[in-house]
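Notebook open, coffee poured. I want to go through the sheet, the cysteines, the rings and the charged pairs, in that order.

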Amino acid sequence: MLARMNKFRQLISSDIPFARDDAHRLLPAMIACLTGFAALLLALAMCLTGALSAQSHDVIGVLQVEVPRAKANDASYMESVTSLLKNTAGVEQVTPISQTQMETLLKPWLGEDFEIADLPVPVILDVKTAVKDNETAVNLAALRTALAKIDAGIRVEDRGPWVGHMVKAVALLQGLVLVVAMLLILCVLGMIILVARTNLRLHFKTVSLLHMFGATDEYILRQFQWNNAWLTARGAFTGVLGAASIYIAAVIISMRFESPVVPAISISPWQGVMFVVLPVFTALIALVATRLTVQSMLEHMH
């Protein structure tokens, strides 16, 4: 174990005085900001994917049949409506929403001091239907015509088209978020390349002396690589740790702050993997980009 540690120290040790450079202090801070924002945006994109999938699953193929409350107490009337719905092709399940459930749904909007009987709220039947091509398999025009024969006041609402529009809007937003996150990662890459080129120019005399004493390009390359990779990894780890803390705090707040307007933010295992992998990925980018940049410049020095 000790031999491995000594070998690792020799690997990352440097004959070039990188610690004197401004980049040694500024690069980790700048990379922390960029990778932190990128991590938050990627977590948001993943959250939108989960919310979109759950919303689509809960809504597509579910109809709401609204029965006038004035006639809801007529058992034979309700039986005829329910029987018609159950016998309609494509309908799988009909579930009346009880008064208690309606009050629970309306309390976040209206407060605690109300009774459903005092409001002109229709009785709602949730109708679960078969799904075909991401929409209900029920013939809505025929169903509305059949229900109108019982009562012209009965309404059938299909939220599937609305969800379809919402899916397109959220997908567009998700794509925009991912593009911005990728641009931030590209900014990190550009910064790493710029620092590598600047460092080589600043330490040109030291590199020339090392060449005179017999140092190979590979030896010099390794020192630039490990310096940039270490600075990048330190900044990326700090930035992602801060982003993860902010996101977890947002999850806790959203769970405690129950609101019908602000949806709850969730955290998934994939988001945890992203928070772990992103600093490693950024350090690997720094390792490869620095090697290619410095190697190209060293070849022109000979």
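My entries on this model follow, and I note at the start that it is a predicted one.

**Sheet**

I began with the strand pairing. I found an open sheet of 4 strands, ordered 2-3-1-6, with antiparallel pairing. Strand 2 (91-96) and strand 6 (155-158) sit at the edges, each pairing on one side only. On average, neighbouring strands here are turned by 25° against each other, direction ignored.

Next I zoomed in on strands 2 and 3. Strand 3 covers residues 123-129, and 5 bridges join it to strand 2 in antiparallel fashion. Which residue of strand 3 stands opposite Gln93? I get Lys128.

I also checked what lies across the sheet. Helix 3 (residues 75-86) lies across strand 1 (62-67), strand 2 and strand 3, and it runs at about 15° to strand 3.

**Cysteines**

I searched for disulfides and got 0. I looked up the accessibility of two cysteines anyway. Cys47 has a relative accessible area of 12%, so I log it as buried, the cut-off being under 20%. Cys187 comes out at 40%, which makes it partly exposed.

**Rings**

A search of the whole structure gave me 1 aromatic pair. It is Tyr247 with Phe275: the ring centres are 6.3 Å apart and the planes stand at 55°, so I call the pair tilted. The two rings come from distant parts of the chain, with Tyr247 in helix 8 (residues 217-256) and Phe275 in helix 9 (residues 269-301), 28 residues apart. Are these two residues buried or exposed? Both Tyr247 and Phe275 are buried.

**Charges**

I counted salt bridges last and found 2. In one of them, Glu66 pairs with Arg155, their closest N and O atoms being 3.9 Å apart. That value passes because the cut-off is within 4 Å. This pair also links distant parts of the chain: Glu66 belongs to strand 1 and Arg155 to strand 6, 89 residues apart.

The other salt bridge joins Glu157 and Arg155, at 2.6 Å from N to O. Glu66, Arg155 and Glu157 are therefore entered in my notes as a network of salt bridges.

I then asked how accessible each member is. Glu66 is buried, at 16% relative accessible area. Arg155 is partly exposed at 46%, and Glu157 is partly exposed at 27%.

Methods: Residues numbered from 1 in each chain as written. Predicted model: local features only at pLDDT ≥ 70, side-chain atom pairs only at ≥ 80, totals over all residues. Heavy atoms only, no water. Pairing = 2+ DSSP bridges. Helix = DSSP H or I, 4+ residues; strand = E, 2+ residues; numbered from the N terminus. Axes fitted to C-alpha atoms, helices over the stretch in contact; angles between N-to-C directions. Contact = heavy atoms within 4.5 Å. Disulfide = S-S within 2.5 Å. Buried < 20%, exposed > 50% of the residue type's maximum accessible area, 1.4 Å probe, protein only. Phe/Tyr/Trp six-rings, centres within 6.5 Å; stacked < 30°, edge-to-face > 60°. Salt bridge = Lys/Arg side-chain N within 4 Å of Asp/Glu carboxyl O.
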